[in-house]
Amino acid sequence: MGAHRRPRQRAKGGSRARTAATITLAGAATATGLGGGTGHADPQPTAAQVRAKVDKLYQEAEVATEKYNGAKEKADAAEQRLEDLRDEAARKEDRLNSAREALGSVAAAQYRSGGLDPALQLALSADPDRYLDGAAFAERAGSRQQATVGRVRKELRDIEQLRGAARVEAASLKSRRAELKRHRETVTGKLEAARRLLSRLTAEERADVGDRASRSAPGTRAGLSPSSQAPNSRAAAAVAAVAYAYQKLGSPYVWGATGPNAFDCSGLTQAAYRAAGVSLPRTTYAQIDAGRRVPRSELLPGDLVFFYSGISHVGIYVGKGQMIHAPNPSAPVRVAPVDEMPFAGATRVV
């Protein structure tokens, strides 16, 4: 009987195992069915979600671009200062070498003369009066020699100071270049992420990313001529800057570019006023302080209009609530409404 019971027990245990396995599989199947695809990849974002994300990436890239522009401006200035220090040191080294040559000639002459005691030279002289005249000249020459020695010492001190300043400037330049690299990597990373997102869209949807603001802008170049929009009291420079911006409609956006054929946002405004004979700083956050702040209700053509809380975007106002700006890599320089982005302030340059 024991032999018969054992097979039944094994069968019973096998049944429990099979039942447990069945329950486990059923549970897994149920979980998979109820989970709504939790084991699968996330659903593809809608075109609207992609556009929103791309816009955010472009805005973040523009923040990084302005930081890059500021770092580049400082790096360029440091490089110029370093070059000036090296040039000045080279000039002083030339003067030092000339002074050393003069001292060498004097020393050689003294060596050849044997350095006789002046009293003995007077005693041996066939013409004492002439010797005394010569002695007076030698004394004056000695004074000039001392002055030359003093200049040599000063040049040596100055050169050492210049070399020290150049070492400090070289270290600053190295730091600026490292900063440039960081900002460049941030910009390119953001733009590459935007490019990958845009590749998910159809050609029509991608075009819509660049065209949305253009479609919402009622003005055209003919309808917003700078001469008709600028009152007589406006400075000629503002009119010239607006005219330049109109000439650049359709130019591509390239981050870090200041023209003449491509621009980023602050590069366009800087180039427009440069063409009008006015120098603007390179970055948005410096340009906003380059003139007198004006309220939005008092905007005139030529005013610079700024956007976002970090002052990361700028355009040039052309009248009727419109501006010309370089938006982002998805769209060229164009006319757009000022209310297209969060308004942060405006500055009247002239």
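User: What order do the six strands take in the sheet, and how do they pair?

Analyst: This is a predicted model. In it, the strands make an open sheet that reads E1-E6-E2-E3-E4-E5, with antiparallel pairing.

User: What makes strand E1 and strand E5 edge strands?

Analyst: Look at how many sides of each are paired. Strand E1 (292-293) and strand E5 (334-337) each pair on one side only, which makes them the edge strands.

User: How do you know that strands E2 and E3 pair?

Analyst: Count the bridges. Strand E2 (residues 304-307) and strand E3 (residues 313-319) are joined by four bridges and run antiparallel. Pairing requires at least two bridges, so E2 and E3 qualify. You can pick out residues along this pairing: Phe306 stands opposite Val314 in E3, and Val305 has Gly315 in E3 as its bridge partner.

User: Which helices pack on the sheet, and at what angle to E3?

Analyst: Helix H7 (residues 236-247) is one of them, touching E3, strand E4 (322-325) and E5, with a direction about 105° from that of E3. Helix H8 (residues 265-275) packs there too, and touches E2, E3 and E4. The direction of H8 makes about 50° with that of E3.

User: Why do E3 and E4 count as a pair, and what lies between them?

Analyst: E3 and E4 share three bridges in the antiparallel sense. The pairing rule asks for at least two bridges, so E3 and E4 meet it. One partnership to look for is Tyr317 with Met323 in E4. Between E3 and E4 are two residues, forming a hairpin, and Lys320 in that turn has a positive phi of about 55°.

User: What does the hairpin of E2 and E3 have between its strands?

Analyst: There are five residues between E2 and E3, and in this hairpin Tyr308 takes a positive phi near 75°.

User: What makes E3 and H8 mostly covered?

Analyst: Here the count of buried residues matters. For E3, seven of its seven residues are buried. In H8, nine of 11 residues are buried, and among them are Cys265, Leu268, Gln270 and Tyr273. Each of these H8 residues is listed as buried, which means that its relative accessible area is under 20%. Just after H8, Gly277 takes a positive phi of about 85°. Across the protein chain of 350 residues, 35% are buried.

User: Why is Ala64 called buried?

Analyst: The relative accessibility of Ala64 is 5%. Buried means under 20%, so Ala64 at 5% falls in that class. Ala64 is part of helix H2, and beyond its sequence neighbours within four places it is in contact with His183, Thr186 and Val187. In space, Ala64 lies 9.1 Å from Lys190, C-alpha to C-alpha, although they are 126 residues apart in sequence.

User: Why does Lys67 get the label "partly exposed"?

Analyst: Lys67 is also in helix H2, with a relative accessible area of 42%. The partly exposed class sits between the buried limit of 20% and the exposed limit of 50%, so Lys67 at 42% belongs there. Setting aside residues up to four places away in sequence, Lys67 touches His183 and Tyr285.

User: How do you know that Lys67 touches Tyr285, when their C-alpha atoms are 9.4 Å apart?

Analyst: The 9.4 Å distance runs from C-alpha to C-alpha, for residues 218 apart in sequence. A contact is judged on heavy atoms within 4.5 Å, so the listed contact of Lys67 with Tyr285 rests on that test and not on the C-alpha distance.

User: How many cavities are there, and what lines the largest cavity?

Analyst: Searching the whole structure finds one cavity of 30 Å³ or more. The largest cavity has a volume of about 50 Å³, and its lining includes Tyr58, Glu62, Thr65, Trp255, Asn328 and Pro329. Helix H2 (residues 47-113) gives the most to that lining, with four residues.

User: How do the residues of that lining divide by kind?

Analyst: The division is seven nonpolar, two polar and one charged. Glu counts as charged, so Glu62 in the lining belongs to the charged kind. Trp and Pro count as nonpolar, so Trp255 and Pro329 go with the nonpolar residues.

Key
Residues are numbered from 1 along each chain as its sequence is written. This is a predicted model: local features need pLDDT of at least 70, side-chain atom pairs count only at pLDDT 80 or more; totals for chains, interfaces and linings use all residues. Side-chain values use heavy atoms; hydrogens and water are left out. Axes are lines fitted to C-alpha atoms, for helices over the stretch in contact, and angles run from 0 to 180 degrees between N-to-C directions. On a 1 Å grid over the protein atoms alone, a cavity is a set of points where a 1.4 Å probe fits but cannot get out, and a pocket is an open set with protein on both sides within 12 Å along at least five of seven lines; lining residues have an atom within 4 Å of a point. Grid points are joined across faces, edges and corners, and a volume is the space filled by probe spheres set on the points. Buried means under 20% relative accessible area, exposed over 50%, partly exposed in between (1.4 Å probe, protein chains only).
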